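Reader: I'm new to reading protein models. Could you walk me through how to look at a ligand and its surroundings?

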Amino acid sequence: MQVLYNSTRGGEKGLTSSQAILNGLAGDGGLYVPDSFPTLEVSLDELAGMSYQELAWEVMKLFLTDFTEEELRSCINHAYDSKFDVPEIAPLVHKDGAWFLELFHGRTIAFKDMALSILPYLMTTAARKNHITNKICILTATSGDTGKAAMAGFADVPGTEIIVFFPKDGVSPVQKKQMVTQKGKNTHVVAITGNFDDAQTGVKKMFGDRKLAEDAAAREIQFSSANSINIGRLVPQAAYYVYAYAQLLKQGVIRAGDPINITVPTGNFGNILAAYYAKQIGLPVKKLICASNENNVLTDFFTTGTYDKNRPFILTTSPSMDILVSSNLERLIYLISGEDAAKTSSLMASLREGGKYEITDSMKEGLADFYAGYATEKEVAGTIGRIHAECGYVIDPHTAVAATVYHRFREETGDDTPAVIASTASPYKFARAVLHSIDAEKYDAMTDMEQFDALHEVSGVKIPAAIEEIKTAPVRHKTVSSVEDMQKTVRDMLGID
Ligand SMILES: *Cc1c(COP(=O)(O)O)cnc(C)c1O
């Protein structure tokens, strides 16, 4: 079955998956969505015996229907190889009454590697298929993890250039060091004097700027996105939820057809939407638990039906979730409106103009698959400390947000369906916050370097290569820009006047 892609705002219809990946964002500012949901072509039992690569192919081929088998398998095999430090790629670990799906075994030790190690292959294959000879410039806003993972994927990939914008004071020390030391002639990093929402809005504006696109085209450059607004990010992410299910089957925890619950620490709503897409293609998922930090705009939305970003932006220990405008929610809005592009478009206009919108009662019914909650900073620290003390397992603050909300869900509902928790980052990436939660007195005074060794002792987990790398890597990127000057910075970097 051929799957084509439409904009959530109605301005573009019937693109192939490779065109949607190349464009990133639709010209009308909308997001590309599949025109229908395919269903898994193999039984759940068969999935249980598959390797990660084999299973990823079964999931991704359903959405990327204009890629040939050879093209897609080649992308998958190049992406999910020894760059990951475990052969399972995404191991499932049973601790504290839940199953942690460890998505941080890639090169930059956050879950963004799961999709961003394959996106460059999908993108260059898509360019070839569509006879694109322009250079593709990836513009990316990052709350800390996407930027590094995208650069690691695109560094020195012929025919590409990548520019990453991160909030200068809104990322962890490790995240910052990872980005500013990035190698590769085609990589550019810009610290902006604003928060993640400013960065994301600025990038989206550039995508919608005709003049910029024309000037770039005159230099044989076109823009695309590595953010989760790109459908090429979401599709690979749906695969690991199916993989988690397959592992539970294999371990005898469930039988084929039994439901599971999935908890996702959420920021831009990409990772949880991928889980929702997995449900749409036939994965038996009962509840999708949307976990937020103190920037709890999504918790309020799911409980009231009103999305209101007019509130303080809070810097937390889970910076990759410090977001008030969750872009991918637009894809869910579109689905629960009955694929009504006019309705979606008008709600997004209200969000742009007044920072707020309210969905209808019938749309609210479409949210029944979700449960939402949030964790305070104090609860996050408490959860990290408790799970370490009780289970000897160390989790990062993002994952701790999810674990906290999962336990609340379980207490409130009594629902003890086997639950997968998306574990989105290695604790090493947030060593300071993690050790502070475990024993502030003992660890707070240590330097970053001493903390890595301390975390090794506390967790028993080997220091990942990504951390060893930044210990000595020289700083290569020092550009700082105001939010207003983002486009000017891009023009300078690309030599567009
Ligand atoms: C990006 C990120 C998230 C949030 O994922 P979304 O897809 O933006 O909802 C959560 N945890 C970590 C560690 C991340 O890097």
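Reader: By class, how many nonpolar, polar and charged residues are in the shell around the ligand?

Author: A good habit is to sort the neighbours by class. In this predicted model, the shell has five nonpolar residues, eight polar ones and two charged ones.

Reader: Which residues are closest to the ligand?

Author: The ligand is surrounded by 15 residues, and the closest are K112, D145, G267, N268 and N271.

Reader: How do I read polar contacts, and what is the distance from a ligand oxygen atom to the side chain of D145?

Author: Look for pairs of N or O atoms within 3.5 Å. Here, an N or O atom in the D145 side chain is 2.5 Å from an oxygen atom of the ligand. The backbone takes part too: a polar backbone atom of F269 is 3.1 Å from a ligand oxygen, and for a polar backbone atom of G270 the distance to a ligand oxygen is 3.2 Å.

Reader: How much of the ligand's exposed area does the protein bury?

Author: Compare the ligand alone with the ligand in place. Alone, the ligand exposes 380 Å², and the protein buries 98% of that. The space that the ligand takes is also the largest cavity.

Reader: Let's turn to cysteines. How many disulfides does the structure hold?

Author: It holds zero disulfides.

Reader: And why does C75 count as buried?

Author: Buried means under 20% relative accessible area. C75 counts as buried because its relative accessible area is 2%. C290 is buried as well, since its relative accessibility is 0%.

Conventions: Residues numbered from 1 in each chain as written. Predicted model: local features only at pLDDT ≥ 70, side-chain atom pairs only at ≥ 80, totals over all residues. Heavy atoms only, no water. Near = heavy atom within 4 Å. Polar contact = N/O pair within 3.5 Å; in protein donor to acceptor, adjacent residues only side chain to side chain. Areas by Shrake-Rupley, 256 points an atom, 1.4 Å probe, with all protein chains shown as cover. 1 Å grid on protein atoms, 1.4 Å probe; cavity = no way out; pocket = protein on both sides within 12 Å on 5 of 7 lines; lining within 4 Å. Sits in = over half its atoms within 2 Å of the grid points. Nonpolar A, V, L, I, M, F, W, Y, C, P; charged D, E, K, R; others polar. Disulfide = S-S within 2.5 Å. Buried < 20%, exposed > 50% of the residue type's maximum accessible area, 1.4 Å probe, protein only.
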